Amino acid sequence: MRFIKTLQSVLEHLNDAHISTDVLDYLVNAETRRELPGALEHSPEQLFVRHEDDTVELALYIDPGLVSDLETDSPYKRLHPGNLEKFCVVLEGVSHFVFLTWCAERERAVSCLEMEIQAEVDKFVCAWLLLGEQGQPYAATAQALSRQLFDSYELLEEVDRSRYVTAATV
């Protein structure tokens, strides 16, 4: 789980969005996720939010298999086509958590579309910077990465397609 904690730190630093909450305290396992309203059985990551009065309750599910794979084949050591998708899935969940928590701590409303756009930006920038740190030329990787992330993606049938399509094309 240190991979998730590291990713939280990276996103907070990258976005200058420091929060007082540890993402690891909000991770739930598959059994707990199945009991939460709105759970998508086939989704490898899902942020659960319940907002009542002045209280926001959160839970985050990230497939433990993805985290284990990324701890073994770390994108921080070498980002490649075999771990890029897993990296992006985990990063999206942590991005949603960090952004929503940052907004909640500032009593700022946030829409699902804003969270999706932020996650798309975070995925691109994190992957692009990693590739640059690993010796890849920034100009060439920006175009290839943009095509891979935003031109060829698949959506689960259960998701709100319009929000994801809009976020990927902004």
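The exercises below work through a predicted model of one protein chain, each with a task and a stepwise solution.

**Exercise 1. The chain as a whole**

Task: Determine how many helices and strands the chain has, and in which pattern they follow one another along the sequence.

Solution: Begin with the count, which gives seven helices and three strands in the chain. Then read along the sequence, where the pattern is α-β-α-β-β-α-α-α-α-α. As a next step, turn to burial and surface: of the 170 residues of the chain, 41% count as buried, and the accessible surface comes to about 9600 Å², of which 50% belongs to carbon and sulfur atoms. Finally, look at the contacts with a separation of 6 or more, 58% of which are accounted for by residues 24 or more positions apart.

**Exercise 2. The sheet**

Task: Find the order of the strands in the sheet, and explain why one side of S1 and one side of S2 are left without a neighbour in the sheet.

Solution: Take the pairs one at a time. Strand S1, residues 27-28, pairs with strand S3, residues 55-62, in the parallel sense over two bridges, and within this pairing the bridge partner of Val28 is Tyr61 in S3. Strand S2, residues 45-52, runs antiparallel to S3, and eight bridges join the two; in this pairing Leu47 stands opposite Leu60, while Glu52 stands opposite Thr55. Putting the pairs together gives an open sheet of three strands in the order S1-S3-S2, with mixed pairing. S1 and S2 stand at the edges and each has a single partner strand, so one side of each is left without a neighbour in the sheet.

**Exercise 3. Two aspartates with positive phi**

Task: Locate Asp16 and Asp53, and decide whether each is buried or exposed.

Solution: A general expectation comes before the two cases: most residues other than glycine have a negative phi. Asp16 has a positive phi of about 50 degrees although it is not a glycine. Asp16 comes just after H1, in the loop between H1 and S1, and its relative accessible area of 58% makes Asp16 exposed, since the cut-off for exposed is over 50%. Asp53, likewise not a glycine, has a positive phi of about 55 degrees. Asp53 is found in the loop between S2 and S3, which form a hairpin with two residues between them. At 72% relative accessibility, Asp53 counts as exposed.

**Exercise 4. Helices H1 and H6**

Task: For H1 and H6, state which residues are buried, and for H6 explain why the buried residues line one face of the helix.

Solution: Start with H1, residues 2-15, which has 14 residues and reaches 20 Å from its first C-alpha to its last, close to the 20 Å expected at 1.5 Å a residue. The buried residues in H1 are Phe3, Ile4, Leu7, Gln8, Leu11 and Glu12, and they pack against S1, S3, helix H3 (64-72), H4 and H5. Continue with H6, residues 138-150, whose 13 residues reach 17 Å from the first C-alpha to the last, close to the 18 Å expected. Its buried residues are Thr141, Ala142, Leu145, Leu149 and Phe150. Seen down the axis of H6, these buried residues fall within an arc of 120 degrees, so they line one face of the helix. On the other side of H6, Ala139 and Gln143 are exposed.

**Exercise 5. The surroundings of Ser95**

Task: Place Ser95 in its helix, decide whether Ser95 is buried or exposed, and name the residues with which Ser95 is in contact, leaving aside its neighbours within four places in sequence.

Solution: The place of Ser95 is in helix H4, residues 81-105. At 1% relative accessibility, Ser95 counts as buried, because buried means under 20%. With its neighbours within four places in sequence left aside, Ser95 is in contact with Leu11, Gln118, Ala119 and Asp122. Of these, Leu11 is one of the buried residues of H1. A polar contact of 2.6 Å joins the side chains of Ser95 and Asp122. As a last step, consider Glu120, which is 25 residues from Ser95 along the chain, while the C-alpha atoms of the two are separated by 9.1 Å.

Key: Residues are numbered from 1 along each chain as its sequence is written. This is a predicted model: local features need pLDDT of at least 70, side-chain atom pairs count only at pLDDT 80 or more; totals for chains, interfaces and linings use all residues. Side-chain values use heavy atoms; hydrogens and water are left out. Two strands pair if DSSP finds at least two bridges between them. Helices (H or I, at least four residues) and strands (E, at least two) are DSSP runs, numbered from the N terminus. The expected span of a helix is 1.5 Å times one less than its number of residues. Buried means under 20% relative accessible area, exposed over 50%, partly exposed in between (1.4 Å probe, protein chains only). The arc is that of the directions from the helix axis to the C-beta atoms. Contact means heavy atoms within 4.5 Å. A polar contact is a pair of N or O atoms within 3.5 Å; within protein, one must be able to donate a hydrogen and the other to accept it, and residues adjacent in sequence count only if both atoms are side-chain atoms. Accessible areas come from the Shrake-Rupley method with a 1.4 Å probe; for residues, only the protein chains shown count as cover.
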